[in-house]
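Me: Can you walk me through the charged pairs in this one? Short answers are fine.

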Amino acid sequence: MGKDTIADIITSIRNADMDRKGTVQISSTNLAENIIKIFLREGFIENVRKHRERNKYFLVLTLRHRRNRQGPYRTILNLKRISRPSLRIYSNYQRVPRILGGRGVVILSTSRGIMTDREARLERIGGKILCYIW
């Protein structure tokens, strides 16, 4: 894994979804746990459990897949990383983008923690845009 933990999380989930894997194992950090809680709360993943292996903690995610196997496979989960370590994108609560007219989710890092765009608008705070999910 690289130094950009958010990109590593997004890439691991995207690759597992494209490869039709049922589970993904991600190293456990506070940032990863907060982002995964949002994924779980918004219904993009089915289940999360913490796993310990040789004094290291991992998060094991159970992905949500299409039950209907007819036709070509399409990914359910679309993820896009926005702010990077080399380019940070900030937004106030009024200018946070709406993904698919509000059906998608924008994850923000704010002064009150990591939250979705809806929560940030309700609390009227802006922050760094981490990623889009739709």
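Reply: We'll take the salt bridges, then exposure. Keep in mind that this is a predicted model.

Me: How many salt bridges are there in the whole structure?

Reply: A search of the whole structure gives seven.

Me: Let's start with Glu33. Which residue does Glu33 pair with?

Reply: Lys50. The closest N and O atoms are 2.9 Å apart.

Me: Where do Glu33 and Lys50 lie?

Reply: Glu33 is in helix α2, residues 30–42. Lys50 is in strand β2, residues 45–53. The two are 17 residues apart in sequence, so the bridge ties together those parts.

Me: Next one. What is the N to O distance for Glu42 and Arg118?

Reply: Their side chains meet in a salt bridge at 3.2 Å, N to O. This pair links distant parts of the chain, 76 residues apart. Glu42 sits in helix α2, and Arg118 in helix α3, residues 117–123.

Me: Are Glu42 and Arg118 buried or exposed?

Reply: In between. Glu42 is partly exposed at 28% relative accessible area. Arg118 is partly exposed too, at 34%.

Me: And Arg112? Which residue does Arg112 bridge to?

Reply: Glu123, with the closest N and O atoms 2.9 Å apart. Arg112 lies in the loop between β6 (105–110) and β7 (113–116), and Glu123 in helix α3. They are 11 residues apart in sequence, so the pair ties loop and helix together.

Me: Why does Arg112 count as exposed?

Reply: Because its relative accessibility is 54%, and exposed means over 50%. Glu123, at 37%, counts as partly exposed.

Definitions and conventions: Residues numbered from 1 in each chain as written. Predicted model: local features only at pLDDT ≥ 70, side-chain atom pairs only at ≥ 80, totals over all residues. Heavy atoms only, no water. Salt bridge = Lys/Arg side-chain N within 4 Å of Asp/Glu carboxyl O. Helix = DSSP H or I, 4+ residues; strand = E, 2+ residues; numbered from the N terminus. Buried < 20%, exposed > 50% of the residue type's maximum accessible area, 1.4 Å probe, protein only.
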